[in-house]
Amino acid sequence: MKNKQSIKLQLINKLIKKHKYRSYLEIGVRKGKTFYQVKARRKVGVDPAYKCKFQMTSDKFFKQNKDTFDIIFIEGNRQGDIPYRDIQSSLKILNKDGAIIVRGANQPKNWFYNKKLKIPRWKETVWMAASKIRLESNCLIATIKEENGLSIIKNEKSGDYICFPVERMTKERFLAHRKELLNLISWKDACREISRPDGSL
Ligand SMILES: C[S@@+](CC[C@H](N)C(=O)[O-])C[C@H]1O[C@@H](n2cnc3c(N)ncnc32)[C@H](O)[C@@H]1O
């Protein structure tokens with residue numbers, strides 16, 4: 001049976017095709033399950049624990065990097081300030097009309113309260129990073145609900161500014177307002193939007 005492609009891979013390739021993106025950066029490549037199937041002309045991978053062009057942490061990579069990219073997929077370390085820093089650093093090297101995709105902001109509600117997990121989930125902060133970026137810079141963001149959240153971030157101003165104090169971003173507030181904060185959409189709606197020539201994605 002043919003392996004079904006993940007939504008993240010389909011999303012990346014759909015955006016590349018629509019916007020004629022040429023350059024791709026992946027933060028957290030692991031064995032390259034996504035990386036090797038991405039259809040971009042120039043591809044760069046970063047991972048401290050697996051063989052790839054830049055075998056180092058994202059922080060080290062961004063410090064020495066001088067390149068810019070059309071599309072950046074972030075699926076590296078999800079703890080502490082790292083997801084937020086990865087998005088901020090990516091915004092600085094994103095080409096005009098480019099897109100960043102970050103995985104992991106839309107975990108199910110019980111995930112936030114599950115005490116049995118090996119890594120305490122409050123240490124994973126993609127949900128906070130995506131919300132902060134939206135609130136602070138009012139970037140355009142849309143999050144595909146599936147696969148624990150695939151947030152598409154663009155360096156454009158979003159029309160629907162939401163007023164919400166960033167410093168009070170607790171998980172309780174996030175859970176109460178996640179739909180507006182992440183601008184949640186289904187994969188089906190995202191596909192429809194990407195297929196419209198003047199769509200926002
Ligand atoms: C969930 S896996 C990535 C999966 C991959 N993107 C794919 O689609 O198959 C997360 C990866 O992030 C890497 N990682 C951990 N800390 C990192 C860091 N500080 N910078 C970049 N990558 C990191 C891990 O080594 C691991 O391979």
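**View 1. The residues around the ligand.** Of the 17 residues near the ligand (C-beta atom, placed from the backbone, within 6 Å of it), those that come nearest are G28, R30, T34, G76 and N77. Sorted by class, this shell holds 7 nonpolar, 6 polar and 4 charged residues; Ala, Val, Leu, Ile, Met, Phe, Trp, Tyr, Cys and Pro count as nonpolar, Asp, Glu, Lys and Arg as charged, and the others, Gly among them, as polar. Please keep in mind that this is a predicted model, in which local features need pLDDT of at least 70, side-chain atom pairs count only at pLDDT 80 or more, and totals for chains, interfaces and linings use all residues. Residues are numbered from 1 along each chain as its sequence is written.

**View 2. Helix α1 and its buried side.** Helices (H or I, at least four residues) and strands (E, at least two) are DSSP runs, numbered from the N terminus. The buried residues of α1 are L11, I12, L15 and I16, where buried means 20 or more other C-beta atoms within 10 Å of the residue's own, with C-beta atoms placed from the backbone. They cover an arc of only 130° around the axis (from the directions of the C-beta atoms), which puts them on the same side of α1. Their packing partners are β3 (69-74), β4 (94-103), β5 (139-144), β6 (150-157) and α6 (187-195). After α1 comes K20, with a positive phi near 55°.

**View 3. A130 and its contacts.** Leaving aside neighbours within four places in sequence, A130 is in contact (C-beta atoms, placed from the backbone, within 7 Å) with V102, A105, I141, T143, S151 and L182.

Terms used: A residue is buried if 20 or more other C-beta atoms lie within 10 Å of its own, exposed if 12 or fewer, and partly exposed in between; C-beta atoms are placed from the backbone. Two residues are in contact if their C-beta atoms, placed from the backbone, lie within 7 Å.
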